[in-house]
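Here are some friendly notes to read with the structure open beside you. Take the points one at a time, and find each residue before moving on.

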Amino acid sequence: MRLSRYFLPTLRETPKEAEIVSHRLMLRAGLVRQEAAGIYAWLPLGLRVLNRVCAVIREEQDRAGAIEILMPAIQSAELWKESGRYEAYGKEMLRIADRHDREMLFGPTAEEVVTEIFRASVKSYKDLPKNLYQISWKFRDEVRPRFGTMRSREFLMKDAYSFDIDQASARHAYNRMFVAYLRTFAGLGLKAIPMRADTGPIGGDLSHEFIILAQTGESEVFCDRQYLDFEIPPVTTDFEDVAGLQGTVDRWTSHYAATSEMHEPAAFAEVPADNQMAARGIEVGHIFYFGTKYSEPMGAKVTGPDGIERPVHMGSYGIGPSRLVAAIVEASHDEAGIIWPDAVAPFDVALINLKTGDAATDAACTEIQASLEAAGLTVLYDDRDERPGAKFATADLIGLPWQVIVGPRGLAEGKVELKRRAGGERETIAPIDLIARLKRA
Ligand code: ATP
Ligand code: MG
């Protein structure tokens, strides 16, 4: 992609309304634009990141056995009356009347809809287990939308719902998602720690929030530092292996980790002093077993091997991709701008032409772009008629993992410069060696 033909509305000034660094950088780098309080448009560069985040989430959901669907954004109030949540949900729900004055709403979540889909077609234990997920826009009329896409009113959510015959198999469904989440966040270049979360009237221990440590996080958290060095379950993990998954989950819950709501100071005091970590964090995911809370009132029943009908056991599993983009920026930036982890970068390479208009430099850039793209790398070529300083500033701000800097002086010796955005290391290299070098990294 040539930058001169792209749409990258970067801002020179730091927007005053942005309180935290990720919000400032996402606006400045032209990733998003606010259209109303807590409602954002995703611009080309931001959308590419969001799509890559979703791709990592999808891959791990699919690997863990979940199946993708897409439910409607606009839902009927009828279903929510069946579950009893229509009144209970309160002002966070955006309620709408259609032309016939029927009560509708913009879905803040989808337990009711998915339960309706399930009950319409699944009747026997033989069709279980099932886990259905979607990635779709939700609306919650948050009291205080803030921090850009970190806490917005319209936001993207991956929400999965599991269905099982009994609590024991529901635990396995929970463990599948638990392990999938560990792999997902690691795949996004993040260290997320599962922390005990409130289970409300359901009780038990099957609710965890996945938290990324960050000074600007909204949650106060307490945990054992050892989690930061834990090994992530490998790609070869067998999600059918009940005991194996339970072992992984047991290990990842063996030390102290709780948000302030669940914090027990006495238990935390028993963590060796050197390992005690009281910090702030960003909730990027939440998994929750809630038994028959919806299946019972909504009549989602299955027949067991004994021929007896019973309400299905359910769990729900959320991740916020639009919040994650902000969380990634929060975790990975410097004074000059964003530093994208390779897995989610909007392009792999910023190709910088130091002398646009110079025939030899232009030709070399075009050739480098073509060869990198042919090798499967994505390139944003800064071919604008700008001074080098402005191009360097843009490249650092938008944070692509690699910069390839091409100018007449280097070309005279058959060389270009390669800069790694993350550490700032530079090397001079012949264009022909670029692909091997980038693939090696
Ligand atoms: P919070 O406590 O932050 O309001 P929640 O408990 O309401 O979150 P869930 O209902 O569990 O969140 O939603 C699943 C995921 O969706 C969260 O872990 C988060 O990543 C994301 N999410 C929730 N609310 C928002 C929001 N207002 N803006 C962006 N992402 C959100
Ligand atoms: Mg909330």
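1. Start with Asp159 and Lys138, whose side chains meet in a salt bridge with an N to O distance of 2.9 Å. Keep in mind as you look that this is a predicted model. The pair links distant parts of the chain: Asp159 belongs to strand β8 (residues 154-164) and Lys138 to strand β7 (residues 130-139), with their positions 21 residues apart in sequence. Are these two residues buried or exposed? Asp159 is buried, and so is Lys138.

2. Next, find Glu218 and Arg146, another salt-bridged pair, with the closest N and O atoms 2.9 Å apart. Here too, distant parts of the chain are linked: Glu218 sits in the loop between β10 (207-213) and β11 (219-224), while Arg146 sits in the loop between β7 and β8, 72 residues apart. Glu218 has a relative accessible area of 28%, so it is classed as partly exposed. Arg146 also counts as partly exposed, because its relative accessibility is 23%.

3. Now turn to Asp396 and Arg421, which form a salt bridge whose closest N and O atoms are 3.8 Å apart. Asp396 lies in helix α12 (residues 388-398) and Arg421 in the loop between β22 (416-420) and β23 (426-429), so this pair ties together parts that are 25 residues apart in sequence. Why do we call Asp396 buried? Its relative accessible area is 15%, and buried means under 20%. Arg421 is buried as well, with a relative accessible area of 4%.

4. Salt bridges can also join up into a network, and you can trace one here through Glu59, Glu60, Arg63 and Arg183. How many salt bridges does the structure hold? The count is 26.

5. Let us move on to the pockets. Rolling a probe the size of a water molecule over the atoms shows where empty space is left. The largest pocket has a volume of about 1200 Å³. It is lined by 42 residues, of which Arg140, Met157, Glu209, Glu283 and His286 are the closest to its centre.

6. Which strand gives the most to the lining of the largest pocket? That is β13, with 8 residues. Strands β8, β11, β13 (276-291) and β16 (313-319) each supply at least two residues of this lining. Sorted by class, the lining of the largest pocket has 13 nonpolar, 14 polar and 15 charged residues.

7. The second largest pocket has a volume of about 320 Å³. Thr10, Arg12, Ala390, Ala393 and Thr394 are the closest to its centre among the 13 residues that line it. Helix α12, the home of Asp396, gives the most to this lining, with 6 residues. The classes here are 5 nonpolar, 3 polar and 5 charged. Where do the lining residues of the second largest pocket come from? At least three come from each of domain 1 (3-338) and domain 2 (349-440).

8. Finish with a single side chain. Gln75 has its place in strand β4 (residues 74-76). It counts as buried because its relative accessibility is 4%. What does the side chain of Gln75 reach? Its partner is the backbone oxygen of Thr109, at 3.2 Å.

Definitions and conventions: Residues numbered from 1 in each chain as written. Chains lettered and ligands numbered in written order. Predicted model: local features only at pLDDT ≥ 70, side-chain atom pairs only at ≥ 80, totals over all residues. Heavy atoms only, no water. Salt bridge = Lys/Arg side-chain N within 4 Å of Asp/Glu carboxyl O. Helix = DSSP H or I, 4+ residues; strand = E, 2+ residues; numbered from the N terminus. Buried < 20%, exposed > 50% of the residue type's maximum accessible area, 1.4 Å probe, protein only. 1 Å grid on protein atoms, 1.4 Å probe; cavity = no way out; pocket = protein on both sides within 12 Å on 5 of 7 lines; lining within 4 Å. Points joined across faces, edges and corners; volume = space filled by probe spheres on them. Nonpolar A, V, L, I, M, F, W, Y, C, P; charged D, E, K, R; others polar. Domains from an automatic or database assignment. Polar contact = N/O pair within 3.5 Å; in protein donor to acceptor, adjacent residues only side chain to side chain.
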